[in-house]
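Work through the exercises below with the sequence and the structure open. Each task is followed by a solution in steps.

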Amino acid sequence: MTEKFSLSTNSVNDILNNFGTTWNDKPSFQRTPFAFTKKEKQKFLESVFEGYPIGGTILLIHPEEEREFTYSVLDGVQRCNILRDFKENKISFCKNKENE
């Protein structure tokens, strides 16, 4: 029997190093990647910094002969975009009463 899925754990660093390189960050079937509001992005980053669970990322593995990317992100594109934008200083995080 062929394995239909596998489970692995990736760190935020793993996500940042692979998103947009070996992971397709703009699969044609995804909705606009920036649907989160500024406040929602801040809440998400607060969860990351507080060490709360931030949800999983589901990846589709592409067959080797069809590969431009190794994987496409099926679920988690918005969260990955927020992490990448934070790393690239496109958004900042400031915990204050407005985020509560």
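The model is a predicted one.

**Exercise 1. Find the bridge partners of asparagine 24 and isoleucine 61 in β3, then work out the strand order of the sheet.**

Solution.
- Step 1. Asparagine 24 has serine 72 as its bridge partner in β3. β1 and β3, the latter covering residues 71–75, pair in the parallel sense over two bridges.
- Step 2. For isoleucine 61, the bridge partner in β3 is tyrosine 71. Leucine 60 stands opposite serine 72 of β3. Strand β2 (residues 58–61) pairs with β3 in the antiparallel sense, over four bridges.
- Step 3. The order is therefore β1-β3-β2, in an open sheet of three strands with mixed pairing. β1 and β2 are the edge strands, each pairing on one side only.

**Exercise 2. Decide whether helix α3 is largely enclosed or not, and state what its buried residues pack against.**

Solution.
- Step 1. The cut-off for buried is under 20% relative accessible area. The buried residues of α3 are Val77, Gln78, Arg79, Cys80, Asn81, Ile82, Leu83, Arg84 and Asp85.
- Step 2. These are nine of the eleven residues of α3 (residues 77–87), so the helix is largely enclosed by the rest of the structure.
- Step 3. The buried residues of α3 pack against α1 (12–18), β1, α2 and β3. After α3 comes asparagine 89, with a positive phi near 60°.

**Exercise 3. List the residues of the largest nonpolar core and say which helix gives the most to it.**

Solution.
- Step 1. Nonpolar side chains tend to be buried together in soluble globular proteins.
- Step 2. In this model the largest nonpolar core has twelve residues: Ile15, Leu16, Phe19, Trp23, Phe44, Leu45, Val73, Val77, Cys80, Ile82, Leu83 and Ile91.
- Step 3. At least two residues of this core come from each of α1, α2 and α3. α3 gives the most, with four residues.
- Step 4. One of the core residues is valine 73. Among the residues that valine 73 touches are Phe19, Trp23, Pro27, Phe29 and Ile58.

**Exercise 4. Locate phenylalanine 29, classify its exposure, and name the surface patch it belongs to.**

Solution.
- Step 1. Phenylalanine 29 is in the loop between β1 (23–24) and α2 (38–50).
- Step 2. Its relative accessibility is 48%, so phenylalanine 29 counts as partly exposed; exposed would need over 50%.
- Step 3. Phe29 forms a nonpolar patch on the surface with Ile58, Leu60 and Leu74. Together these residues have about 360 Å² of accessible area.

Definitions and conventions:
Residues numbered from 1 in each chain as written. Predicted model: local features only at pLDDT ≥ 70, side-chain atom pairs only at ≥ 80, totals over all residues. Heavy atoms only, no water. Patch = residues over 30% accessible without salt bridge, like charges linked within 9 Å, V, L, I, M, F, W, Y side chains within 5 Å. Areas by Shrake-Rupley, 256 points an atom, 1.4 Å probe, with all protein chains shown as cover. Salt bridge = Lys/Arg side-chain N within 4 Å of Asp/Glu carboxyl O. Buried < 20%, exposed > 50% of the residue type's maximum accessible area, 1.4 Å probe, protein only. Contact = heavy atoms within 4.5 Å. Core = buried A, V, L, I, M, F, W, Y, C linked by side-chain atoms within 4.5 Å. Lists of a residue's contacts leave out its neighbours within four places in sequence.
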